[in-house]
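Q: Hi! Could you walk through this model with me for a bit? I'll jump around between topics, if that's fine.

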Amino acid sequence: MFCPNRDEPMTTLQSCFRFAAALSLMLLCALQSQAQLEGNTNDNPFRQLYDVLPTPNTVRTASGAPGHAYWQQQVDYVMDIRLDDATQRIDGKETITYINNSPDELRYLWLQLDQNMRDLDSDSHMIKEGFMEDRMTFDRVSGLEPDFDGGFKIEAVKDGSGRELAHTINQTMMRVDLPKPLAPGGKFTFQVDWWYNINDRLAIGGRSGYEYFEEEDNYLYTIAQFFPRLCAYYDRMGWQNKQFLGGGEFTLEFGDYDVSITVPSDHIVGSTGVLQNPKEVLTATQRARFDEAKTSDRPVLIVTEDEARENEKTKEKGLKTWRYKADNVRDFAFASSRKFIWDAMAVPLENSTPLAMSYYPKEGNPLWEQYSTEAVAQTLLTYSEFACEYPYPVAISVHTKWIGMEYPMICFNGGRPEPDGTYSARTKHGMVSVIIHEVGHNFYPMIINSDERQWTWMDEGLNTFVQYLAEKEFDRNYPTRRGPARKITNYMGGDPKRISPIMTNSESIFQFGPNAYGKPATALNILRETVMGRELFDYAFKEYGRRWAFKRPTPADLFRTMEDASSVDLDWFWRGWFYTNDHVDLSLKDIQWYQISSGDPDVEKALAKAEQDAQPEDISLTRDETYIAESRLEARPELNDHYTTVDPYAVMEIEREEYKDYVAQLDEEELKMLSSGKHFYQLTFENLGGLVMPVIVGFTYEDGTTDVRRVPVEIWRKGSKEVTKVFVTPQEAVSITLDPYLETADTDLSNNAWPRNVRPQRIDLYNDATRSYGRDAANPMQRVRENQDYIESIED
């Protein structure tokens with residue numbers, strides 16, 4: 001603060017001091033206000049989400065539905081793609097038509113260059129954390145310094161007339177400057193030429209790439225993110241041009257695709273869309289089999305294993321162009337190989353009959369021929385029931401090793417038997433799970449088009465939830481990994497510093513799989529089974545799919561729709577489960593047991609005597625029998641009176657008369673209650689974990705029968721950490737259990753029961769000769785754990 005010199009006139013100094021005093025007073029008031037505000041902060045878990053959710057408007061309404069002013073952009077692509085099998089390279093030319101449906105004038109367009117994450121100087125390499133050890137593999141050390149150049153090489157960016165367009169590349173984004181601003185309702189067409197080197201996916205990873213089969217010198221290509229694609233521009237974000245670092249996936253616009261794919265003439269190509277030139281690329285036999293599959297309820301082989309084995313023995317030098325068209329999709333991918341076996345079957349839905357198809361090398365059999373297309377078909381049926389009816393003509397599962405990745409109408413999936421054709425339960429269930437999961441992504445986010453770059457959970461979490469439902473419909477005893485509440489407790493009860501709230505950006509998540517897949521899937525299952533009930537949940541969840549199919553929902557749209565379509569206030573649930581890293585730990589803190597006194601002295605005194613007789617002996621009285629030779633009253637009987645000679649449990653006639661008078665004054669209902677024999681259990685519950693949940697109490701009675709009482713979550717509505725409730729039971733309870741079906745994700749079961757449950761833990765004993773037992777497949781329970789871990793790793 002400036003203050004004048006003391007030598008200046010006194011009036012100036014006085015002004016300075018007054019200013020300083022006023023400023024000090026303002027600061028003091030501000031501090032007091034802040035302290036008062038902090039002391040009165042509303043931390044009730046049932047407070048509404050007005051402070052968190054964006055303000056509704058005419059684009060996105062308070063009900064969670066698209067408003068009358070909703071808009072989204074459209075981008076159409078015409079592409080010529082060439083796959084060079086000799087050099088493992090993609091060359092492409094595309095004509096892009098961008099339609100500006102927004103109310104905004106646009107001066108430039110942003111495109112995603114996802115392959116640039118494989119540039120040698122990519123930020124995705126630079127930000128990887130790592131550490132050194134005394135012993136490391138060659139691959140791990142070589143990976144510290146990338147040597148594969150897999151980024152896009154942009155050769156031309158031109159307008160529709162062939163004139164060069166100014167453009168700027170920033171890592172995985174490219175800005176194209178428009179010759180003149182694109183007005184609302186306007187359309188702009190431009191061209192991009194490019195090429196890139198295809199990555200060896202098994203060597204350096206990736207969502208797409210090639211798998212090399214050294215034995216016969218063949219390649220299997222699963223190609224995606226292979227073309228410069230428009231970034232999304234939408235009301236909540238403007239341009240979604242957050243860099244692609246490898247975690248957060250893709251945010252894209254819907255459009256129509258016309259793609260010509262030139263490959264070796266002996267390749268089979270599976271792709272997004274519908275094949276336009278089957279007579280040019282398929283044999284007459286293949287076309288006949290394909291037509292048969294369109295009406296078959298069992299998979300029909302279009303290319304058999306014998307034919308694929310013969311095909312992979314040689315390499316034709318010619319080329320073929322496969323042309324595919326796809327309408328109203330947000331992306332495009334394809335697979336190509338001379339190794340493919342191909343089968344298909346029809347899946348009748350309410351309004352259409354899409355084809356479920358699989359492409360796989362011989363290395364996938366016998367698993368893939370038996371299970372893949374059946375799993376695709378089950379996925380379409382289950383998801384059409386819970387999300388929205390599948391609108392596309394095909395759904396394809398492609399097999400390549402160690403992968404799980406999704407695109408419109410096509411996905412790439414792992415799960416491979418041993419070379420001799422044998423397989424473990426772990427491999428089988430891992431394969432079926434990843435197929436259901438990746439085919440399910442056709443619905444989330446390929447149709448219900450959420451922003452993956454921002455919110456991974458909106459597609460992965462919702463998809464994992466419906467995957468759980470599909471797995472049960474595939475096999476009611478399926479060893480599902482995620483969905484049931486009891487399977488998330490180890491994660492939620494872990495170190496809070498390593499647990500991100502679900503509402504965390506995709507690139508900043510700790511423990512990616514449990515956070516973005518497991519916890520939101522479990523949350524939805526708890527809503528369905530415990531909070532809302534199946535009828536209300538299923539209707540609201542499908543309404544979300546109906547409202548937002550082929551549109552771009554945000555988290556607020558999901559939250560609001562689930563409440564709007566069910567009339568259930570869920571703000572407490574969204575806030576706790578999605579915006580915090582709190583966990584569920586409800587404790588059965590205290591139990592008080594009451595019974596109705598009959599008032600009958602003959603009954604009550606007999607009970608009191610029995611209770612007294614059941615008490616353990618008083619140690620002092622027992623010892624006094626030998627320590628005290630004779631008491632004073634024993635020595636002097638004249639000291640006894642009424643109170644030392646009359647049995648305290650004897651019933652006096654006056655007590656019987658008083659009881660008769662008491663009963664005579666009771667009405668019929670009161671008499672019924674008096675003789676009901678009911679028991680009253682006053683239970684006190686404590687919230688130790690932070691998340692409020694319904695209170696579910698199980699009683700087990702003397703005769704072995706059970707009873708479950710469900711108390712709505714609103715019992716916690718006042719915000720207290722402790723609540724007390726009285727439960728009336730017809731019999732004496734021999735045990736009481738909180739959350740008896742493990743449906744609330746309670747992380748500590750040790751405080752959930754009366755009497756307390758003490759659960760033994762198993763100790764694996766070993767000596768030097770048996771040290772590995774219990775750590776490998778020899779241990780049956782280890783097999784189960786490995787199976788579940790394998791499924792989780794593939795789905796992630």
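Q: Is Asn42 buried, partly exposed or exposed?
A: Asn42 counts as partly exposed, because its relative accessibility is 47% and the partly exposed class runs between 20% and 50%. Keep in mind that this is a predicted model.

Q: Where does Asn42 sit?
A: Asn42 is in the loop between α1 (10-39) and β1 (74-84).

Q: And how far is Asn42 from Tyr766?
A: From C-alpha to C-alpha, Asn42 and Tyr766 are 55 Å apart in space, with their positions 724 residues apart in sequence.

Q: Let's try another pair. How far apart are Glu214 and Lys519?
A: Their C-alpha atoms are 41 Å apart, and in sequence Glu214 and Lys519 are 305 residues apart. Glu214 belongs to the loop between β8 (209-213) and β9 (218-223), and at 64% relative accessibility Glu214 counts as exposed.

Q: Switching to helices: how do α10 and α13 cross?
A: The axes of α10 (residues 457-474) and α13 (residues 534-548) come within 14 Å, with a crossing angle of roughly 130°. The two helices are therefore oblique to each other. The crossing of α10 past α13 is left-handed.

Q: Which residues meet there?
A: On the α10 side there are Met458, Leu462, Phe465, Val466 and Lys472, and they meet Arg534, Phe537, Phe541 and Tyr544 of α13. Sorted by class, this contact has seven nonpolar and two charged residues, and no polar ones.

Q: How many aromatic pairs are there, counting ring centres within 6.5 Å?
A: The count comes to 49 aromatic pairs. One of them is Tyr392 with Phe550: the ring centres are 6.1 Å apart and the planes are at 90°, so this pair is edge-to-face.

Q: What parts of the chain does that pair tie together?
A: Tyr392 is in the loop between α8 (367-386) and β21 (394-399), while Phe550 is in the loop between α13 and α14 (555-564), so the pair ties together parts 158 residues apart in sequence. Tyr392 is buried, with a relative accessible area of 5%, whereas Phe550 is partly exposed at 22%.

Q: What about Phe685 and Phe727?
A: The ring centres of Phe685 and Phe727 are 6.4 Å apart and the planes are at 90°, so this pair is edge-to-face. The pair links strand β25 (residues 679-687), which holds Phe685, with strand β28 (residues 722-729), which holds Phe727, and the two residues are 42 apart. Phe685 and Phe727 are buried.

Q: Which residues form an aromatic cluster?
A: One cluster is formed by Phe46, Trp457, Phe559, Trp572, Phe573, Trp574, Trp577, Phe578 and Tyr579.

Q: New topic, the backbone. Which peptide bonds are cis?
A: Among them is the bond from Asn365 to Pro366, with omega near 10°. Pro366 is in the loop between β20 (355-360) and α8. The bond from Tyr444 to Pro445 is also cis, with omega near 15°, and Pro445 lies in the loop between α9 (425-440) and α10.

Q: Why point out a positive phi or a cis bond?
A: Because most residues other than glycine have a negative phi, and most peptide bonds are trans.

Q: So what is phi for Trp402 and for Met409?
A: Phi is near 55° for Trp402 and near 70° for Met409. Trp402 is in the loop between β21 and β22 (404-407), and Met409 is in the loop between β22 and β23 (410-413).

Q: Are those two buried or exposed?
A: Trp402 counts as exposed at 60% relative accessibility, while Met409 counts as buried at 1%.

Notes: Residues numbered from 1 in each chain as written. Predicted model: local features only at pLDDT ≥ 70, side-chain atom pairs only at ≥ 80, totals over all residues. Heavy atoms only, no water. Axes fitted to C-alpha atoms, helices over the stretch in contact; angles between N-to-C directions. Helix = DSSP H or I, 4+ residues; strand = E, 2+ residues; numbered from the N terminus. Parallel < 35°, antiparallel > 145°, perpendicular 65-115°, else oblique. Left-handed = near helix turned anticlockwise from the far one by under 90°. Contact = heavy atoms within 4.5 Å. Nonpolar A, V, L, I, M, F, W, Y, C, P; charged D, E, K, R; others polar. Phe/Tyr/Trp six-rings, centres within 6.5 Å; stacked < 30°, edge-to-face > 60°. Buried < 20%, exposed > 50% of the residue type's maximum accessible area, 1.4 Å probe, protein only.
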